[in-house]
Amino acid sequence: MVIKPKIRGFICTNAHPVGCAESVNQQIEFVKQQGEIANCPKNVLVIGCSTGYGLASRITAAFSGGANTLGVCFEKEPTEKRTGTAGWYNTAAFHKAAEKAGLYHKTLNGDAFSHELKHQIIETIQQDMGKVDLIIYSLASPRRTDPDTGEAYVSSLKPVGNKYTTKTFDTNKEVVHDIELEPATQDEIDNTIKVMGGEDWELWIKALNEAGVLADNCKTTAYTYIGKELTWPIYGHATIGKAKEDLDRAAAALNSNYSDLNLKAYVTSLKAVVTQASSAIPVMPLYISLMYQVMKDEGCHEGVIEQIYGLFNQLLLAENPPMDEANRLRMDTVETNDEIQGKIKAIWPQVTTENFPELGDYQGYHLDFLKLFGFGFDNVDYEADVSPIADW
Ligand code: NAD
């Protein structure tokens with residue numbers, strides 16, 4: 001079939017297998033060019049391995065660190081009539097490249113929040129790896145079913161405390177306009193913590209430890225976004241920010257509970273980038289477009305793979321990495337520094353629908369968005385008839 005993007009609101013409902021492979025291969029080439037990461041753990045579990053920051057983590061561990069990687073994701077398989085999700089094709093492309101490079105790779109597709117999937121992963125580790133020495137927790141999900149009670153929780157993207165009015169960019173209608181966001185109820189805050197907080201990260205480590213598959217001195221990290229004043233009302237100080245604060249609690253608990261293994265658990269704060277998760281958050285398309293423009297003008301722009309290679313190379317694997325006041329690793333300090341934020345803040349009040357193309361890098365944002373689904377690559381023939389089927 002000939003596959004063209006089908007965009008509905010902030011999501012693209014199809015994906016291009018050849019374009020997704022191109023995206024994965026470009027990331028692999030990038031980390032190979034950066035060079036080897038000498039002290040990389042050799043048995044790495046990536047929870048949320050198929051897109052965004054998790055995929056970049058898997059690529060870095062495998063192709064810069066020579067690691068065996070076991071992945072968990074939640075993706076839709078293609079049929080003859082319907083394309084799979086981008087994460088499906090990314091995983092197929094990753095497997096192909098890992099196979100060629102002689103690197104162990106396996107991916108389980110299912111619900112990471114369930115006990116069942118955790119057990120399947122443990123069995124795979126026991127059979128194929130023995131133990132794991134690095135666990136990357138990179139899930140982004142709008143819902144979670146509690147594995148003990150069966151109760152389903154849905155997260156919200158809402159301010160906490162007061163109603164909040166702000167500028168946003170409607171990617172569907174391509175207009176800059178004001179939106180009023182109602183504050184979350186306590187239930188909505190609690191449910192968001194249940195979905196995106198630290199509980200499931202702790203359950204993973206507990207299950208792995210009980211099965212005896214955590215190596216001594218193993219490391220684990222979960223990813224967060226902290227941001228600054230412009231995004232605090234909808235992110236840092238909002239429902240999702242409350243869930244992310246719970247990751248700090250979980251990291252402290254993990255460090256204390258597994259000190260006999262000398263496990264190191266970190267929350268890592270990463271830069272805002274275009275991913276399937278971030279494009280769903282109100283205000284983020286506008287903020288990211290302005291931030292991209294400023295950071296590209298300043299020559300300090302980075303995407304997912306640059307951020308994650310930097311994390312592995314500079315912080316995550318270091319003996320005593322520098323941490324912030326809340327014991328987090330920070331890869332977002334260039335984005336959040338006063339100079340960059342000052343420039344974005346100066347542009348923010350001036351932005352209108354008319355001048356947005358000059359003031360912001362929406363072109364760059366939109367191209368990154370298309371690339372998430374395998375579209376927008378110059379060297380891919382989008383008129384060609386391709387099979388949507390790709391096996392792992
Ligand atoms: P993403 O949407 O690209 O990736 C989410 C991953 O989770 C995918 O691999 C998906 O298959 C998997 N997943 C979702 N639900 C699942 C389930 N029930 N079972 C198994 N797998 C499931 O998201 P992302 O933006 O890369 O986000 C990853 C992490 O990074 C999140 O914690 C996010 O908050 C954080 N982060 C993102 C940004 C950003 O700007 N995108 C910035 C800083 C931190």
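Two strands pair if DSSP finds at least two bridges between them. Strands (E, at least two residues) and helices (H or I, at least four) are DSSP runs, numbered from the N terminus. The model is predicted: local features need pLDDT of at least 70, side-chain atom pairs count only at pLDDT 80 or more, and totals for chains, interfaces and linings use all residues. Residues are numbered from 1 along each chain as its sequence is written, and side-chain values use heavy atoms, with hydrogens and water left out.

**Exercise 1. Trace the strand pairings, starting from β3.**

Solution.
- Step 1. Take β3 (residues 43-47) and β4 (residues 68-73). They run parallel, joined by five bridges. L45 has L70 as its bridge partner in β4.
- Step 2. Turn to β6. It pairs with β3 in the parallel sense over four bridges. Here the bridge partner of L45 is I135.
- Step 3. Move on to β11. Five bridges join it to β6, again in parallel. V132 stands opposite L214 of β11.
- Step 4. Finish at β12. Six bridges connect β11 and β12, which run parallel. T220 has A265 of β12 as its bridge partner.

**Exercise 2. Decide how far β3, β6 and β12 are covered.**

Solution.
- Step 1. Fix the classes. Buried means under 20% relative accessible area, exposed means over 50%, and partly exposed lies in between (1.4 Å probe, protein chains only).
- Step 2. Apply them to β3. Five of its five residues are buried, so β3 is largely enclosed by the rest of the structure. Both faces are covered: N43, L45 and I47 are buried on one side, V44 and V46 on the other.
- Step 3. Check β6 (residues 132-137). Five of its six residues are buried, and the strand is mostly covered.
- Step 4. Check β12. Five of its six residues are buried, so this strand too is largely enclosed by the rest of the structure.

**Exercise 3. Describe the surroundings of T268.**

Solution.
- Step 1. Locate the residue. T268 is in strand β12 (residues 264-269).
- Step 2. Classify it. T268 counts as buried because its relative accessibility is 0%.
- Step 3. List its contacts (heavy atoms within 4.5 Å). Leaving aside neighbours within four places in sequence, T268 touches T221, A222, Y223, T224, L311, L329 and M331.
- Step 4. Look for a polar contact. The term means a pair of N or O atoms within 3.5 Å; within protein, one must be able to donate a hydrogen and the other to accept it, and residues adjacent in sequence count only if both atoms are side-chain atoms. The side chains of T268 and T221 make one, at 2.7 Å.

**Exercise 4. Characterise the ligand site.**

Solution.
- Step 1. Define the shell. A residue is near a molecule if one of its heavy atoms lies within 4 Å of it. The ligand is surrounded by 30 residues, and the closest are S50, Y53, E75, K244 and T275.
- Step 2. Sort the shell by class. It has 15 nonpolar, 11 polar and four charged residues. Ala, Val, Leu, Ile, Met, Phe, Trp, Tyr, Cys and Pro count as nonpolar, Asp, Glu, Lys and Arg as charged, and the others, Gly among them, as polar.
- Step 3. Assign elements. α2 (52-63) and β11 (214-224) each supply at least two shell residues.
- Step 4. Read the polar distances. A backbone N or O atom of Y53 is 2.8 Å from a ligand oxygen atom. A side-chain N or O atom of D111 is 3.0 Å from a ligand nitrogen atom. A backbone N or O atom of A277 is 3.5 Å from a ligand oxygen atom.
- Step 5. Add the area. Taken alone, the ligand exposes 840 Å², and the protein buries 93% of that. Accessible areas come from the Shrake-Rupley method with a 1.4 Å probe; for residues, only the protein chains shown count as cover.

**Exercise 5. Compare A207 with G342, then inspect α13.**

Solution.
- Step 1. Take A207, in helix α6 (residues 199-210). A207 is buried, at 18% relative accessible area. Beyond residues up to four places away in sequence, A207 touches K118 and I122.
- Step 2. Take G342, in helix α11 (residues 338-347). G342 is partly exposed, at 36%.
- Step 3. Inspect α13 (residues 362-372). Its buried residues are Y362, G364, Y365, F369, L370 and L372. Their cover includes α3 (86-100), β9 (164-170) and α8 (284-297). Just after α13, G374 takes a positive phi of about 85°.
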